[in-house]
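Got the viewer open? Load the model, switch on side chains, and follow the stops below.

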Amino acid sequence: MTDRRLTRRHALSLMGSAACAALIPLSQARAALEVPIDQSGPFQPMPIAIPDFLGDAQLGSQIRGVIANNLTRCGYFQILSPASYIEKFSSTETQPNFQSWRVINAQALVVGSVGQGGGGLTAQFRVWDIFAQKQVEGRQFTAPGGNWRRLAHILSDAIYEALIGEKGYFDSRLVFVDESGPKNKRVKRLAVMDQDGANVRALTGGGELVLTPRFSPNNREISFMQYATGGDPRVLQMNIETGGAAILGNFPGMTFSPRYSPDGRRLVMSLLNNDGNSNLSIMDVASKQISRVTNDAAIDTGGCFSPDGSRIVFESDRGGGQQLYVMSASGGGAQRISFGQGRYSTPVWSPKGDLIAFTKQAGGQFSIGVMTPEGQRERILTSSFHAEGPTWSPNGRVIMFFKDVGGGPKIYTIDVSGRFEQVLPTPGFASDPSWSGLLS
């Protein structure tokens, strides 16, 4: 490895430990993987080889396993069986015999090592383009303690970026509602876990009903609704590192779906008014001051800020049916963007700003779909008798949602192209996920 380095910080645990990444000079050529964002035509994942990482044998196998699982689940890669590997490595410094990897149809090869020392972990890897016969990426990461799984997610993101050409999403978490007990008496707790379903941790005890958890842009805090026994709904903010929670507001009647602005300083929510309608309001988190941004004889709810904070998408029945609208974040006139048959709800802006995900009810089915912020190119990604609550991956490539396929809800992911739908492992029933940004 070279000594030329660019360092960056990675928060490697909820308690704030860190890792440094060193960037190795790499070839400008990358193994380009074209992923169309529609469902037309076949898609062939890229075959890649990932031997166990060298060094510490147990850690090398564990880290390789997490990386392979991450890259397989995203759908873009086919991880070739280690049983087919012809060449064996004793050092990451060794240039591969490219013909040995072409024989098994590998297009890319990842070779890495991991070791322990000084109370931490050090991992390094290289990504080789088999057809171009050159290295396209090489990095070294150090992590304190034994947080090998978090390290594996960071490595996965680096490999994904080297081969796709855009940021990954594996070093992220989700907060969700964990559901247990019989259907007519469900206990609902807030829980947090890694994006692959590992490291589940309860955030609330289940004594009070909790709904609609949403990550703050800083990835350390969440807002959520709580229904205290015999009391009004209220909005709370919790620090998931410490577990400390503060009440942001008590609201008589009803409140819905608080979501943060991109800077984390504001929450948009729907409050029930004295006239029986619900309008969108924005709360300043620091001062708790609330200003109404819609004021009409309609039910306006489900507000979500655009990535630049300038606009809000929301659902409203002001036109006679439940449809999606976009307006300035300061209020004023709203433009209707959905015109299909059925009811539209739960709109969520992509981190890229190019698409809005939504839930649609039509023909006795629930669907998860996307459209542009102007209401163009509507596409349905998946349908079920009950599916709702989309949330975006940090890179805008994957949508997570929940659906009930019998017995109770489970969390699913699907690529924005409509491919690779799969269930996410959770301890029990799970609903209402919210995806964090990248932690690193």
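Start in strand 32, which covers residues 429-435, and select Asp432 there. This is a predicted model, so read every value on this tour as computed from it. Check the backbone first: Asp432 has a positive phi of about 55°, and it is not a glycine. That's worth a pause, since most residues other than glycine have a negative phi. Is Asp432 buried or exposed? With a relative accessible area of 13%, Asp432 is buried, because the cut-off for that label is under 20%.

Next, jump to strand 12, residues 209-215, and pick Thr212. Here is another non-glycine residue with a positive phi, about 45° for Thr212. Colour by accessibility and Thr212 comes out at 10%, so it counts as buried.

Now for the charged side chains. Side chains of opposite charge can pair when their charged atoms come close. How many salt bridges does the model hold? The count comes to 16, and a few of them make good stops.

Select Glu93 and Arg126 together. Their side chains meet in a salt bridge, with 3.1 Å from N to O. Where do the two partners sit? Glu93 is in the loop between strand 5 (77-79) and helix 2 (98-102), while Arg126 belongs to strand 7 (residues 120-129), so this pair ties together parts that are 33 residues apart in sequence. Toggle the surface and look at each end: Glu93 is partly exposed at 45% relative accessibility, whereas Arg126 is buried, with a relative accessible area of 9%.

Move on to Glu137 and Arg139, and draw the N to O distance between their side chains: this salt bridge comes in at 3.3 Å. What does the accessibility colouring say about Glu137? Glu137 is buried, at 2% relative accessibility. Its partner Arg139 counts as buried too, at 13%.

For another pair, select Lys167 and Glu161. The side chains of Lys167 and Glu161 form a salt bridge with an N to O distance of 3.8 Å, which falls inside the 4 Å cut-off and therefore counts.

Last stop: which residues join up in a network of salt bridges? Select Glu166, Lys352 and Arg397 in one go, and you have the linked set on screen.

How values were computed: Residues numbered from 1 in each chain as written. Predicted model: local features only at pLDDT ≥ 70, side-chain atom pairs only at ≥ 80, totals over all residues. Heavy atoms only, no water. Helix = DSSP H or I, 4+ residues; strand = E, 2+ residues; numbered from the N terminus. Buried < 20%, exposed > 50% of the residue type's maximum accessible area, 1.4 Å probe, protein only.
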